[in-house]
Amino acid sequence: MHGVTAPERRYVITFGCPDRTGIIARISGFLAEHGGWIVEAAYHTDPDTGWFFTRQVVRADSLPFDADELRARFGEVAAELSAESSWRVSDTGERRRAVILVSTAGHCLYDLLGRVASGELDVDVAAVIGNHDALADITRAHGIPFHHVPFPAGGKEAAFAEVRKLVAEHDPHAVVLARFMQILPADLCREWAGRAINIHHSFLPSFIGAKPYHQAHTRGVKLVGATCHYVTADLDAGPIIEQDVIRVDHGDSVEDMVRKGRDIEKVTLARGLRWHLENRVLVHGNRTVVF
């Protein structure tokens, strides 16, 4: 039986700066100067903001230095091109970590745990935190620690302080709100900016409040869907990573619509998380470029 070949180690450079001539030449010239072998390259210019974006993937073994040295040297190029803080160098040799927050709905958690267990989603789930314990057993069945943090009336501030502490212990690359039915306080949104990922049904803001699928069924909608986005203090309005829809019709019951909605939530969240972990998402203001 043959062993599984480890994926080639790569460095991923994501970069944004004011658009001008010569940017691509400067970046590729820098990499070529050090023997960098580019295996992927993507570019986008936004005419509305005058901003340039790129994602470059380089074979790690083609460079004579490690990721830290690459960051230090590329920082000079970034400063020259006025990139400020909108650039990053990541190392695919570093394992990605995620912490998942849940309540009682399990469909997104089941899906993510299955993808991780099968190797389809390459991330270590360091912990699952729930404000209910309904999903403790399935989490522990996957060998992952589950932390139950109740959110009693009048005690949410202390509960969120405990959640913050638990998440910080793992310093995750992603904090996934997998149908976590609590609104993050503004200070946590700032602390987890660019890492906290949420999923919600696409009826927002059309059908807000209780029983959105019942409202949609009454209105006879033809599409249901989901939006995966980064969490900001502006509720359900952060930069969008991915969206998708599925058709429904007059023959579908409310239960059918809920089932289809959950299906599309699962795949949309999985895609968005994958792209985030692969550093394919560049945020500029309240918009994203996804390479």
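**Note on the predicted chain**

1. With 291 residues, the chain would be expected to have a radius of gyration near 19 Å if it formed a compact globule, and its value of 21 Å agrees with that. This is a predicted model, and its C-alpha atoms fill a box of roughly 60 × 50 × 45 Å when the box is taken along the principal axes.

2. As for secondary structure, the chain is built from eight helices and 13 strands. Among the contacts between residues at least 6 apart in sequence, 67% join residues that are at least 24 apart.

3. Turning to burial and surface, 46% of the 291 residues are buried, while the chain exposes about 14600 Å², of which carbon and sulfur atoms supply 52%.

4. The chain carries 32 positive and 38 negative charges, and the mean positions of these two sets are 3 Å apart.

5. The count of aromatic pairs comes to six. One of them is formed by F151 and F180, whose rings lie 6.1 Å apart centre to centre with 75° between the planes, an edge-to-face arrangement. This pair links distant parts of the chain, since F151 sits in the loop between β7 (146-148) and α5 (156-168), whereas F180, 29 residues apart from F151, sits in the loop between β8 (174-177) and α6 (186-191). Both F151 and F180 are buried.

6. A reader looking at the aromatic side chains may also wish to find F15, F30, F74 and W87, which ring pairs link into a cluster.

Key:
Residues are numbered from 1 along each chain as its sequence is written. This is a predicted model: local features need pLDDT of at least 70, side-chain atom pairs count only at pLDDT 80 or more; totals for chains, interfaces and linings use all residues. Side-chain values use heavy atoms; hydrogens and water are left out. Helices (H or I, at least four residues) and strands (E, at least two) are DSSP runs, numbered from the N terminus. The radius of gyration is taken over C-alpha atoms; the globule rule is 2.2 Å times the number of residues to the power 0.38. Buried means under 20% relative accessible area, exposed over 50%, partly exposed in between (1.4 Å probe, protein chains only). Contact means heavy atoms within 4.5 Å. Accessible areas come from the Shrake-Rupley method with a 1.4 Å probe; for residues, only the protein chains shown count as cover. Lys and Arg count as positive and Asp and Glu as negative; His and the chain ends are not counted. The place of a charge is taken as NZ of Lys, CZ of Arg, CG of Asp or CD of Glu. Rings of Phe, Tyr and Trp (its six-membered ring) pair if their centres lie within 6.5 Å; planes under 30 degrees apart count as stacked, over 60 as edge-to-face and the rest as tilted.
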